[in-house]
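Dear colleague,

Please find below the structure that I am handing over to you, together with its sequence. A short account of what was found in it follows.

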Amino acid sequence: MKADFVNAINNAYSSKGLTITLGAPMLNGEVCAGAPIKLPLSTFNRHGLIAGATGTGKTKTLQGMAEALSRQGVPSLLMDIKGDLSGLAMAGTPNPKIAERQSKIGIEWQPEGFPVELYSISNEQGTRMRATLIEFGPVLFSRILELNDIQSGVVAMVFKYCDDAGMPLLDLKDFRKTLQYLTNEGKAEVEEKYGAISKTTTSTIIRKILEIEQQGAEMFFGERSFEVNDLLRSDPRGRGYINIVRLTDIQDRPKLFSTFMLCLLDEIYATFPESGDLEKPRLVIFIDEAHLVFEEASKSLLNQIEMVIKLIRSKGVGVFFCTQQPTDVPADILSQLGLKVQHALRAFTANDRKNIKSVAENYPLSDFYKTEDLLTALGIGEALVTGLNEKGIPTPLAQVMLCAPRSRMDVLSEKEMESLVNDSPLAKKYNEEIDRESAFEILTQKLKGITPASELKNQKPEREQHEKTILEEVAGSALGRQVMRSFTQEVTRSLLGVLGIGYTRKRR
């Protein structure tokens, strides 16, 4: 039976192209070192799931996959909700348990630190990630605010007004100020060009904006806007950067997290070119504690996320969800996933057992395992794995002892993080706050009767305009034209005289 198992695994998990090794398969508790679980790198833009109960090793699996991608030159983006992924920047420390594990797997372990960039959308240390309202656009912004069709129409009107008036719409205070202006002082102006706005609609939209502001969204909207191509860097050794977004202080603000994720995915999809099937993905995104993205999201927001997930594969981008239960991810998204890494589940209640049975049915039938029983018997650092081969065919289910990460399995100290951020060229680029003249400042000055600086730049002094008008009138008159002809003839005669050439009016 073991020989049949090893042959089946070797046939299913072999590949001619670039691969990532997750570990070695297990059968009846024994590790089969001669049949490594290798997954084609070209399938990592087919998305994936890492699931399992607390303490079963999901985060270390995520860490090991990010390391393997980096060694292959593939950058990744990690959403670090719990704050335990920063150790990727430093080499790990040899440990007898690691040595024993790797000996069983049959792969040598070498400590290694990786190129890491720390990011933040709040007060955490790191390179700041921001986006402007212009980049969001009226449709996406309306979905984030959970507005109805009438309210969404008003949002579109505000965006259109600012565009026509040449007023940059950058942050939430710009939007709020414009909306208030169009409802009050600018009411006649907007009704003439765009239609009426009711105060009830305005009040509802402003309350929705206050709701996301209370979750810290005002720190995310603004300039300097983050350029997603900066996620695609490699170090001098050709290793892809591991970009870690530190989100430990927004665990209780799921709406901000889902808003940020949707904006980022949407920007990546809009920016990256169509790529078709690549030898390796352009970028892989890991979303830890993925249930936070979905549990507070509205139906329209979920629809938008599902649409982007389905389409972003064509841009060479893979998205991996890391969560406790596979059911935390909507079924429409779950059906799109190519790779599934399932750690142990716990059965303490009758409802738990029902969930485990349901999870087992989502995996391929196996001649070697009873999946439902195995789900509760997996050890720490072990998982059930099924992926796609090079032809896109699902691989058979395998119980796998996963490789240990080579980087530090603990967090960086405050000093180490500070040093990492201070040495980053991206931090110097994005951590400078820019508050240029935008809709808020322009309308505030307008209401005070002050001509905004942007309009003054486009205006020429009154005296210059007056002089130009007089010149134009003179040049356009009969006398003016006669003077200009005489002046031209005299200049021409003088020039020809210097050259020794005679001049008459009839000479050609």
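Are the residues on the two faces of strand β11 buried or exposed? In this predicted model, strand β11, which spans residues 339–342, is covered on both faces. Leu339 and Val341 are buried on one side, and Lys340 and Gln342 are buried on the other. This division follows a general pattern, because side chains in a regular strand alternate between the two faces of the sheet.

The partners of β11 are as follows. Strand β4 (residues 48–51) pairs with β11 in the parallel sense, over four bridges. Within that pairing, Gly48 has Leu339 as its bridge partner. Strand β12 (residues 382–386) pairs with β11 in the antiparallel sense, over three bridges. Here Val385 of β12 stands opposite Val341.

A second site concerns Asp174, a residue of helix α6 (residues 172–183). Asp174 is buried, yet it has no salt bridge. The nearest side chain of opposite charge belongs to Lys173, at 5.0 Å, whereas a salt bridge requires the charged atoms to be within 4 Å.

Which polar atoms, then, does the side chain of Asp174 meet? It makes a polar contact with the side chain of Ser438, at 2.9 Å. In addition, a polar atom of the Asp174 side chain lies 2.8 Å from the backbone nitrogen of Phe440. Beyond its neighbours within four places in sequence, Asp174 is in contact with Pro168 and Leu169, and also with Ser438, Ala439, Phe440 and Glu441.

Yours sincerely

Conventions:
Residues numbered from 1 in each chain as written. Predicted model: local features only at pLDDT ≥ 70, side-chain atom pairs only at ≥ 80, totals over all residues. Heavy atoms only, no water. Buried < 20%, exposed > 50% of the residue type's maximum accessible area, 1.4 Å probe, protein only. Lys, Arg positive; Asp, Glu negative; His and termini not counted. Polar contact = N/O pair within 3.5 Å; in protein donor to acceptor, adjacent residues only side chain to side chain. Contact = heavy atoms within 4.5 Å. Pairing = 2+ DSSP bridges.
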